[in-house]
Amino acid sequence: MTEKADLQAPRPVRDSQSEMNEIVLPNDANPLGALLGGRLMHWIDLAGALAAHRHSRQYVVTASIDHMDFLVPVHVGDLIILRSSVNRVFHTSMEVGVKVWVENYHKDICKHVSSAYLTFVAIDSEARHLQVPAVIPGTDEERRRYEDAGRRREIRRANFERRRKNAL
Ligand SMILES: CC(C)(COP(=O)(O)OP(=O)(O)OC[C@H]1O[C@@H](n2cnc3c(N)ncnc32)[C@H](O)[C@@H]1OP(=O)(O)O)[C@@H](O)C(=O)NCCC(=O)NCCS
């Protein structure tokens, strides 16, 4: 197999699994010491890009981020854990899931803060879109995410089309 063919070979989800950790510092927080939603969104984008880069082995741009809820407050000094992996590849785009946890290392408790689905498009240095190798789900959880990602893509496309028409 040539090197180019190797790059297009399907890859298991586990190859894209990534983890990013952050300690919340005063500059990440509002005057009450609570983590800014925008800072968390930035970290989610980066954590998602890690998985997209690892899977595609290409440059990527963020095409969209789906709806997000912030489920519990996070404070200065807290430890944030972001886990990401590629759920499904379409053609030049891929859906990445990012799940965020806050860890209280004094009490050894982790709480779910937020989850997000991001779509990344693989591009070359001239911004031309590139075909992304298929992803192979290996566990029941990965297969569920793969199936759900197909349904989410249809909803995303329908909503995008509706917004486009409303903007005309
Ligand atoms: C995202 C972007 C590459 C899409 O390019 P485009 O030429 O409009 O899109 P196309 O219709 O050719 O679609 C290309 C792929 O992107 C997907 N896509 C396009 N817009 C999308 C959106 N809003 N959400 C999810 N996927 C999207 C398409 O489904 C398609 O996927 P596929 O090849 O796997 O089937 C382009 O809009 C762009 O460069 N946007 C700016 C990205 C950026 O700078 N992000 C950082 C934040 S500013």
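## Exercises on a predicted model

Met-94, leaving out residues up to four places away in sequence, touches Ala-52, His-55, Ser-56, Val-60, Val-86, Arg-88, Val-89, Leu-118, Thr-119, Phe-120, Ala-122 and Val-132. The model in which these contacts occur is a predicted one, and the exercises below start from the fold and the core before they turn to the ligand and to single residues.

### Exercise 1: the fold

Task: State how many helices and strands the chain has, and in which order its elements run.

Solution. The count comes to three helices and seven strands. Read from the N terminus, these elements follow one another as α-β-β-α-β-β-β-β-β-α. As to overall dimensions, the C-alpha trace spans about 50 × 45 × 35 Å along its principal axes. Among contacts with a separation of 6 or more, 71% join residues that are 24 or more positions apart.

### Exercise 2: the core

Task: Determine which residues touch the most other members of the largest nonpolar core, and which elements give two or more residues to this core.

Solution. The largest nonpolar core has 30 residues, and those that touch the most other members are Ile-44, Ile-80, Leu-82 and Met-94. The elements that contribute two or more residues are α2 (37-56), β4 (79-89), β5 and β6, and the largest share, seven residues, comes from α2. For the chain as a whole, 39% of its 168 residues count as buried, while its accessible surface comes to about 10100 Å², with 54% of that belonging to carbon and sulfur atoms.

### Exercise 3: a tryptophan in α2

Task: Decide whether Trp-43 is buried or exposed, and list what it touches beyond its neighbours in sequence.

Solution. Trp-43 lies in helix α2. Its relative accessible area is 5%, and because buried means under 20%, Trp-43 is buried. Not counting residues up to four places away in sequence, Trp-43 touches Met-20, Glu-22, Val-24, Asp-28, Leu-35, Ile-80 and Leu-82. Two of these partners, Ile-80 and Leu-82, are among the core residues that touch the most other members. With Arg-156, by contrast, which is 113 residues away along the chain, the C-alpha separation is 22 Å.

### Exercise 4: the surroundings of the ligand

Task: Describe how many residues surround the ligand, which elements supply them, and which polar atoms approach it.

Solution. The ligand is surrounded by 14 residues, of which Thr-62, His-91, Thr-92, Ser-93 and Arg-153 are the closest. By class, this shell consists of five nonpolar, seven polar and two charged residues. At least two residues each are supplied by β3 (59-65), β6 (109-123) and α3 (140-167), and β3 gives the most, with four.

Turning to the polar atoms, a nitrogen atom of the ligand is 2.9 Å from a polar backbone atom of Thr-62. On the side-chain part, an N or O atom of Thr-92 is 2.6 Å from an oxygen atom of the ligand, and a polar side-chain atom of Arg-153 lies 2.9 Å from an oxygen atom of the ligand. Taken alone the ligand exposes 920 Å², and the protein buries 50% of that.

One of the closest residues, Ser-93, lies in strand β5 (residues 93-104). Ser-93 counts as buried because its relative accessible area, 10%, is under 20%. Leaving aside neighbours within four places in sequence, Ser-93 is in contact with Thr-119, Phe-120, Val-121, Val-132 and Arg-153.

### Exercise 5: Tyr-117 and two positive phi angles

Task: Place Tyr-117 in the fold and give its contacts; then say where Asp-108 and Ala-127 lie and how accessible each of them is.

Solution. Tyr-117 is found in strand β6. With 30% relative accessibility, which lies between 20% and 50%, Tyr-117 counts as partly exposed. Neighbours within four places in sequence aside, Tyr-117 is in contact with Ser-64, Ile-65, Asp-66, Asn-87, Glu-95, Val-96, Gly-97, Arg-152 and Arg-156. Tyr-117 and His-106 are 11 residues apart in sequence, and their C-alpha atoms are 30 Å apart in space.

Asp-108 lies in the loop between β5 and β6, and its phi is near 60°, a positive value in a residue other than glycine. Because exposed means over 50%, Asp-108 counts as exposed at 71% relative accessibility. Ala-127, located in the loop between β6 and β7 (135-136), has a positive phi of about 70° although it is not a glycine. At 47% relative accessibility, Ala-127 counts as partly exposed.

Notes
Residues numbered from 1 in each chain as written. Predicted model: local features only at pLDDT ≥ 70, side-chain atom pairs only at ≥ 80, totals over all residues. Heavy atoms only, no water. Near = heavy atom within 4 Å. Polar contact = N/O pair within 3.5 Å; in protein donor to acceptor, adjacent residues only side chain to side chain. Areas by Shrake-Rupley, 256 points an atom, 1.4 Å probe, with all protein chains shown as cover. Nonpolar A, V, L, I, M, F, W, Y, C, P; charged D, E, K, R; others polar. Buried < 20%, exposed > 50% of the residue type's maximum accessible area, 1.4 Å probe, protein only. Contact = heavy atoms within 4.5 Å. Core = buried A, V, L, I, M, F, W, Y, C linked by side-chain atoms within 4.5 Å.
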